[in-house]
Amino acid sequence: KVKSLQSFGIEKYLAGIEAAGNLINYLKDTQKTSLEHINKISLYNLSDYMILDEATIRNLELLYTFQFFEEKGSLISILDQTQTGMGGRLLRNWLLHPLINLDKAQQRLDAVEEFYNNLDLRENLKKELKNISDIERLIGRLGCKRANARDLLNLKNSLQQIPQIKNILKNAGCHPDHSTGSWQGSRVYSEQSRTEGSSQRTQSKLLKNLTKNLDEHKEIIDLIQNSIAEDPPLLITEGNMIADEYNSELDELRKISRSGKDWLKDLQTREIQRSGISSLKVKFNKIFGYYIEVSNSNLDQVPTDYTRKQTLVNAERFVTPELKEYEQKVLGAEEKIIELEQKLFWEIRNEVAKYFEAIQNTAQIIAQLDVLLNFANIALLNNYHKPELNEGEAIEIKNGRHPVIEKLNTESYVPNDGLFNHTDHQLILLTGPNMSGKSSYLRQTALIILLAQIGSFVPAQSAKIGLTDRIFTRVGASDNLIRGQSTFMVEMQEAANILNNATAKSFIVLDELGRGTSTFDGVSIAWAIVEYIYKNIKAKTLFATHYHELIDLVDKLDKAKNYCVTVKETETGVVFLRKVIPGGIDRSYGIEVAKLAGLPKPLTDRAYEILEELENELKISKTT
């Protein structure tokens, strides 16, 4: 309902306007409504958010697992304990749009810390959030004119929690005096913060802004409170959804409808007296309406103004002019009640529609509070700590952990450090056996960076994160046969995407690059990619490989380092220690892993023989 899009600051984005217009047209065609709840359009500013490509979202298993494409086992399954549907959707949005704006990311972290350090604040807010319905969905139903009276009632009940939420947030620095119901002046912290001697501090900037902008919507609450019945039916065609004393005409019609029993009882008494028939009954059914029933033995006493309506075996049913008039009045009242209630309901809905934008703003604030509170609860539950964000280029992680594997794996998770910078740890080449934990280490490093930049605490003892503009991952092997792409082609395309889009502020994770072709081709491609990233892109890179030839290359690069995942060889086999330490390792222990997988012993014994023959041939070749 605007004459131009200039006020939204998007008038120059013609392709975007056309795409948005097509989307609106599609919604109008499918929803068949005016879509009143869609009341603004905003520009998505790429300078504020990290772009995550499809491969990175898939490889880091942010929303679904890579293999089974299910939520269980993904990052969101560990992170999401939000109390509202709005909060759950916003969490997914934040997860896919990490911030690269330091101030905004720091504000989120400070707000999470505020919740983290205040037990009463967490518990009180969580209690209130549980009573809030999905306001965004309710507004959507109202905007598409598919809402019923219960939706309005749920909206009112949800908005009624806002004053208490605002009060809880305003008094976050105080504690409640339960004897008086008032708030006293000393800040309440968790046991941990008290024992550590935390000093009082002001409320975080983000929480202050969210609290300030929370609208209590008294007008809407009062309107729905006065207009909608306490227990309305699901269908708006059933009546009984508008409250008594809201509309005088409706009250009058209801009085007529509800007084039927008394009127019929009075009529029956009068007709018995007039006719002298003591067994006379005045009744009603849905088929014949209102009637007077007289037994056959008393038919000779029926007054002359009775008109026969139906003959039964033992009785006759009659109507009188007075009863006909009353029937028309009552049945007409019931029809009018249904019609008038629907009219009043849509008037109420249209009045609420005037506040759609304000209600949506409130819903967005509630969603943010829900996610920030959720981050604090997850941090306390899983022993996460607040990361230090800065504009620098270094990433330092102390005792980092994979947030999903540590929760789902029955084994005790082994934490590891991580260091990346542009001085001497620009590129890390990680070697080690299969099953030793290389892939977990790769992913956990990327996930810790991502979590820090969405405003969450991280699974590490400490973390200093220089803001990263992009996270790129090339992990695992998969094909795309529908598009005619082999495993190796997909691998090369994902690598090309990284090499063409990464910058010096990016973080790159590469796992087993070059494995989809011959050994010499694979080594050559992997070698060249390492050199290209190191010399041309200069991005911080974590490269896991079984190409041990690359260890010598990395040793010659000043800003690169070799690391490996340790193992211990015993008489009975190999023990995976899962600890990342400096240095390279030139064995992959593939046959040992094959034994663990259950391959037949004669087969693995033969594999050892072949391996020994090949290694001897290689030694002779090198000597020659």
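Modeller: Quick bit of vocabulary before we start: a nonpolar core is a set of buried Ala, Val, Leu, Ile, Met, Phe, Trp, Tyr and Cys residues joined through side-chain atoms within 4.5 Å. Also, keep in mind that this is a predicted model.

Biologist: Okay, so how many residues are in the largest nonpolar core?

Modeller: That one has 124 residues. Phe115, Val352 and Leu369 have the most contacts inside it.

Biologist: Which helix gives the most to this core?

Modeller: Helix H16, covering residues 356–382, with 14 residues.

Biologist: And what is Phe115 in contact with, leaving aside its neighbours within four places in sequence?

Modeller: Its contacts include Leu121, Arg122 and Leu125, and also Leu369, Leu372, Leu373 and Ala376.

Biologist: What does the second, separate core include?

Modeller: Leu429, Ile508, Leu510 and Leu550 are among its 27 residues.

Biologist: Let's zoom out. How many helices and strands are there in the protein?

Modeller: You'll find 23 helices and 16 strands. The protein is more spread out than a compact globule, because its radius of gyration is 36 Å, well over the 25 Å that the globule rule gives for 624 residues.

Biologist: What does the C-alpha trace span along its principal axes?

Modeller: About 135 × 65 × 55 Å.

Biologist: New topic: what share of the residues count as buried?

Modeller: 46% of the 624. The protein exposes about 32600 Å², with carbon and sulfur atoms supplying 50% of that.

Biologist: And the charges, how many positive and negative side chains?

Modeller: There are 77 positive and 84 negative ones, and the centres of the two sets lie 2 Å apart.

Key
Residues are numbered from 1 along each chain as its sequence is written. This is a predicted model: local features need pLDDT of at least 70, side-chain atom pairs count only at pLDDT 80 or more; totals for chains, interfaces and linings use all residues. Side-chain values use heavy atoms; hydrogens and water are left out. Helices (H or I, at least four residues) and strands (E, at least two) are DSSP runs, numbered from the N terminus. The radius of gyration is taken over C-alpha atoms; the globule rule is 2.2 Å times the number of residues to the power 0.38. Buried means under 20% relative accessible area, exposed over 50%, partly exposed in between (1.4 Å probe, protein chains only). Accessible areas come from the Shrake-Rupley method with a 1.4 Å probe; for residues, only the protein chains shown count as cover. Lys and Arg count as positive and Asp and Glu as negative; His and the chain ends are not counted. The place of a charge is taken as NZ of Lys, CZ of Arg, CG of Asp or CD of Glu. Contact means heavy atoms within 4.5 Å.
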